[in-house]
Amino acid sequence: MVSSFYLTTPIYYASGEPHLGHAYTTILADVIARYRRRAGQNVLFLTGTDEHGQKIQEAAAEQGMSPLELCDLMAGRFEEAWEDLGISHDRFIRTTEAEHRAVVTALLERLHDNGHIYEAEYAGWYSVGQERYFTEKEIGPDRVDPIAGGPVERIRETNWFFRMSDFQERLIRHIEENPDWIVPATRRNEVLGFLAQPLADLSISRPRSRIHWGIPLPWDSGQVCYVWVDALTNYVTASGAIDPAAPREKRGFGDLRPSRWPADVHLMGKDILTTHAVYWPTLLMGADLPLPRRILAHGWWVVGDTKMSKSLGNVVDPLDLRERFGTGAVRWYLMREMATGQDASYTPDRFLTRYDELSNILGNLAHRTLSMVKRYRGGVVPDASADGLAAETEKALTAYRDGLERYRLHEGFAAAMNLARAANGFVEAKEPWALARHPKGGNELDRTLATLVRTLAVLAAMFEPVTPIKAGKLAIRLGLGSVPLFTELDGLQVGGCSVTIGSPLFPRVDPD
Ligand code: ME8
């Protein structure tokens, strides 16, 4: 039976341009999606844009546009960026879509019907940047949002509330009983630390007089749904679990229609862990829906030692890097450089170092192997034993699979690059140029060349999720037609393949 895999990125605010941070999460998801598809799984990969709320309303007003005009423009911008960066998402969701609005309405009705909603007056500190309230303790004496340091405003108004506090115990138990539910472990501990304090109820609406850009509450048209409740629900909308057209009492909750829900993994940055690991699961519990299987909160990209921000003018545009180095180089850098979970710093030097790995190790291995097959064997791979690097290959594949399945992609790709490094060492140890001159060197030269081509075929499979275009090119040059699947590697015959040399896969660049 074909197993399925459903993974999501956050839906990004349609108020800002896609930058290196958004690209990181989306490429991370893409690499996992591609790896899983190649392993034979039926993947649903979801991304999209978050289009309601105060932040969008204000950004649109500033730019003299209607909110929807701004969202149309920016959703297009994200879609183009993802196309340029080779993202293979199956669905791009926009929260202004009719289907999503209907699912949010259905979910709100369900929470209301289940008795989890009440009305009350509320006063608190609101950050428009993060679209959420923070406690007095969280904002500290400087009264700034604790995530980005932006302003907070004092708001007092009547809202509708979700009894989030009723689910605190159940949530703690779930986290304790499922140690891998939130990864990495540091993030899990952070959430448990947060839950050690009494959990407040969640305000789930805003008066329409203040914020008109949202989904009206089904039982109070004077209020719109709080944007995080609206946004988080996108994961269920795209799964197809809720049929908003079904009669109210048969909307599939508790008795879900066949769908992709629950998600196998929600990927996000650590900035939005609380909304995903506290708000979202308690809302799902309130609506009798199963919880996602895993939540992965990765670290933060900074530039040098400064945070990336529009006002500092240091925002790194992944599309600029792509122009100069190509899509594969940007993807490789982001996956190889950040240890999932930890923060990482972008510097042009580190980018070049990572690019040099592609060029000097993998690119060089491909170029010298193809050239030698051409020079010594007329371009046809000799039909000889290709197991000169069998032990190294086996070890690399095990570490690679482990890395990609346990969300330690940097380790998986380090193992792949190490295999290429070992193959270059093999060339130097065997000295094919000396074998070619030696009257009795023919058989050894055949074995050496066959081993190198086979190793490159394995490397094409390992690099395909991260540098899909270049891996495809490499497979064609090896005479394989397409990148082999992992299941095809064992019996793969390279003898008889006709190779072509072509231009360097990762041309050297002038560092200036
Ligand atoms: O929070 N380093 O959207 P958003 C690493 N709409 N990742 C980064 C990053 C950085 N410097 N900057 C951004 C929202 N990201 C909500 C989400 S989901 C139901 C609603 C990535 O546009 C990272 O994934 O502010 C982070 O969580 C996300 O972009 C925030 O995107």
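In the predicted model, helix α3 provides the largest share of a negative surface patch, contributing four residues. The patch as a whole is formed by Glu79, Glu80, Glu83 and Asp84 together with Asp317, Asp320 and Glu323. Two helices, α3 (67-84) and α11 (318-325), each supply at least two of these residues.

Within this patch, Glu323 is located in helix α11. Glu323 counts as exposed because its relative accessible area is 64%, and exposure is assigned to residues over 50%. Glu323 and another member of the patch, Asp84, are 239 residues apart along the chain, yet their C-alpha atoms are separated by 9.7 Å. The patch thus includes acidic residues from separate parts of the sequence, among them Asp84 and Glu323.

A further acidic residue, Asp50, was examined with respect to its surroundings. Asp50 lies in strand β2, which spans residues 42-50. Asp50 is buried and has no salt bridge. The nearest side chain of opposite charge belongs to Lys55, at a distance of 8.7 Å; the pair does not qualify as a salt bridge, because that assignment requires a side-chain nitrogen of Lys or Arg within 4 Å of a carboxyl oxygen. When neighbours within four places in sequence are set aside, Asp50 is in contact with Ile11, Tyr12, Tyr13 and Ala14, as well as with Ile56, Thr95, Val227 and Ala231.

Asp50 and Glu323 therefore fall into opposite accessibility classes, since buried means under 20% relative accessible area and exposed over 50%: Asp50 is buried, whereas Glu323 is exposed at 64%.

Notes. Residues numbered from 1 in each chain as written. Predicted model: local features only at pLDDT ≥ 70, side-chain atom pairs only at ≥ 80, totals over all residues. Heavy atoms only, no water. Patch = residues over 30% accessible without salt bridge, like charges linked within 9 Å, V, L, I, M, F, W, Y side chains within 5 Å. Areas by Shrake-Rupley, 256 points an atom, 1.4 Å probe, with all protein chains shown as cover. Lys, Arg positive; Asp, Glu negative; His and termini not counted. Charge placed at Lys NZ, Arg CZ, Asp CG, Glu CD. Buried < 20%, exposed > 50% of the residue type's maximum accessible area, 1.4 Å probe, protein only. Contact = heavy atoms within 4.5 Å.
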